[in-house]
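Have your viewer ready and take this one selection at a time. We will begin where the chains meet and finish at the ligand.

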Amino acid sequence: MDKPQAWVPTDPRSRPSQSQVVAGLKGVDAGGPELVQLLTPEGERVPDERFDRYADVSLDELKSLYRDLVLVRRADREGNSLQRQGELGIWVPLLGQEAAQVGSGRALRPTDMCFPSYREHGVAWCRGVDPAELLGIFRGTDHGSWDFTGKRFHPYTIVIGNQCLNAAGYAMGQRFESKVGDPDTGEATICYFGDGATSQGDVHEGFVWAAAYDAPLVFFCQNNQWAISVPLNRQTRVPLYQRARGYGFPGVRVDGNDVLACLAVTRWALEECRTGNGPVLIEAFTYRMDAHTTSDDATRYRLAGEVELWKLKDPIERVRVHLARRHGVEPEFFDGVEAEANELGERLRAFCRAMAQPGPERMFSEVYADPSPQVEAERAEYLAYHASFVDGEG
Amino acid sequence: MATTLAKALNDGLRAAMERDPKVLVMGEDVGRLGGVFRITDGLQKDFGEQRVLDTPLSESGIIGAAVGLAVRGFRPVCEIQFDGFVFPGFDQIVSQLAKLRYRTQGAVPVPVVVRIPFGGGIGAVEHHSESPESLFAHVAGLKVVACSNPADAYWMIQQAILTDDPVIFFEPKRRYWEKGEVEADLDAAPPLHSARVVRAGSTLTVATYGPMVKTCLDAATAAAEDGHELEVVDLRSLSPLDLEPVAESVRRTGHLVVVSEAPSEASITAEVAARIQQECFFSLEAPVLRVTGFDTPYPPSRLEDDYLPDLDRVLDAVDRSLAW
Ligand SMILES: Cc1ncc(C[n+]2csc(CCOP(=O)(O)OP(=O)(O)O)c2C)c(N)n1
């Protein structure tokens, strides 16, 4: 159990005092005794009776997890910079949440389905979506352009919580098609949402539906402690993973900054789903190191001390230390990954700047499967109007 | 064979489910009970619990899960128990159902049908008699239709299920028990998104849909006694609208009355009036008049006879138009 927090917001107008915030921090940064952790912030591997068998990774796999973390962070930082340079309208940073995303994303099989929210660039990476394919959303050229069905990575969902029900429906379909039951061939679905999302009706309804139909669905909540400026204790009185119990399925709190623990716990949860024991709720206890989006000013609502505290739990640093100290991995490996990250950054930047402006016909395309006379008439009229300018200029 | 509108819907659903194993029926009480209006009666017995789902009491869930099922390749037909209860699911309808295809540039179609019994006249309590169709017609990405008689109900529900777009399917609940002839040949049916002249006439055009079609036909019978031949057009499709039959008729009659029991402001009737005056300005001999419910919440049922347009209010508008 979490310690009771110092400040309980009973009156919406009340604000915590400085000391209350600091007291609250202790609750925020400690995951509690139930937290599953396999790799400490110091890079020590600690045993875990329940999840060790799901964390059986070779040195090569560990190194590739590290590579993913670094490349995902680099892609994220590039997105942030591109926004600052005016190339993107907005960026939603994942800084600090790399381990939660890469760990869970790497646990998925190609046949599994994934319903992201809007910050899941690291999961996208694990699904084989090139980070360049995410840029259109934030540059405003499209709403997502990757191969949704082939990659089994649903479009980003902006309306908080909607995707939990869409995922529940999809997972029901997997069960209806008898794709559940066998640990080797069974399918599962995973759906991502934040701590703030847990206050939405759709997330509650998603829990109810998934439970009612034994849907093979892993609810993966990235508790990054803040919903824009609103702290966790405005959303819940109990630790989020404990809510699962009320719906009749297991909930686990994992160290969201520990890629190995996230991988292991998600593998376990997916296996539960594949074999027919779903759904499962995972609460990845983590922290959003950057602002909510590039439009947000996080200094208005949180203290620098809090961020400093979480820096000590960096998801990448602990893997690096573990690889170097425990496995004697040479500096050349880390330099190689670094070089690769720089190349990725450059490629994304060049790609972004070269992205073409979509033509106005795009506005009218694929609104309906059967053409709508109204839309067709508007398309013809507008394109003719548009063409009249081009002719005038030429 | 003469059958009720309710039975025609049931037959249509059954035919669609037999045709395609991916068609699912889902909603509150649709299984064992057969729905509160018994539209899905017997379907669960014949198709099983996995194709006819008694869902949790959760409208956002019904729509949201249907979207996910459609992404998986199913064709869900959702029942919303009463018009006034669709709003918890409105978010999923507007935010996901209507937009997923567009968002993915056609890669992820969502062939979902949302059936909504709508309109008043059954003496029900609050939230059981609403006409929210204009709210849906305003949302791009949705198709909106309303049936008015057993034959249309039978064909239109099947056509809606065959459509690869999301269709909001309005059923006039107070006409569920009225009988009509149903010719069971789907290929001979008019296209889903077409209006239809249901009574020919030369004096004045009446455009309407759903439960008001019968009211307008009754008004036309009464007007005929006074020597006025009303042409009645059943719009059938509310989005997209098929206004050519209305325009064609107005070019002959020069008069148009648009009838619906929904409130008038920013509604289907407003849309029809605006577009017909734009199309037929020089043919009109009077302004387009509307007969609608009032711009108030639906009243307590003892007042619904005042609220709902009836034969007399339609005839009054006819007289005003002709007297212009
Ligand atoms: C239904 C809805 N309401 C409000 C918003 C605006 N909004 C976008 S993100 C956000 C906070 C979400 O917090 P959380 O669920 O914790 O996810 P995080 O962004 O922290 O990952 C809000 C309020 C929205 N997108 N959707």
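**Stop one: where the chains meet**

Show both chains of this predicted model as surfaces: chain B and chain A bury about 3500 Å² between them, with carbon and sulfur atoms giving 55% of that area. Now select Arg72(B), Tyr102(B) and Arg103(B), which supply 21% of the area that chain B buries against chain A, more than any other three residues. If you select the whole contact, you should pick up 46 residues from chain B and 40 residues from chain A.

**Stop two: charges and polar pairs**

Stay with Arg72(B) and add Glu187(A): these two form a salt bridge, with the closest N and O atoms 2.9 Å apart. Between chain B and chain A there are five salt bridges and 26 residue pairs in polar contact, counting residues at pLDDT 80 or more. Switch to cartoon and colour α3(B), which gives the largest share of the side of chain B that touches chain A, ten residues. By class, that side of chain B has 19 nonpolar, 16 polar and eleven charged residues.

**Stop three: the ligand**

Centre on the ligand next. Which residues are the closest to it? Among the 15 that surround the ligand, they are Tyr118(A), Arg119(A), Ile158(A), Gly196(A) and Ala197(A). Then draw three distances:

- Ala197(A): a backbone N or O atom, 2.8 Å from a ligand oxygen atom
- Asn224(A): a polar side-chain atom, 3.0 Å from a ligand oxygen atom
- Ile160(A): a backbone N or O atom, 3.1 Å from a ligand nitrogen atom

To finish, show the protein surface around the ligand: the protein covers 70% of the 590 Å² of accessible area that the ligand has on its own. The shell has eight nonpolar, five polar and two charged residues.

Methods
Residues numbered from 1 in each chain as written. Chains lettered and ligands numbered in written order. Heavy atoms only, no water. Contact = heavy atoms within 4.5 Å. Buried area = accessible area lost by both parts, 1.4 Å probe. Salt bridge = Lys/Arg side-chain N within 4 Å of Asp/Glu carboxyl O. Polar contact = N/O pair within 3.5 Å; in protein donor to acceptor, adjacent residues only side chain to side chain. Helix = DSSP H or I, 4+ residues; strand = E, 2+ residues; numbered from the N terminus. Nonpolar A, V, L, I, M, F, W, Y, C, P; charged D, E, K, R; others polar. Near = heavy atom within 4 Å. Areas by Shrake-Rupley, 256 points an atom, 1.4 Å probe, with all protein chains shown as cover.
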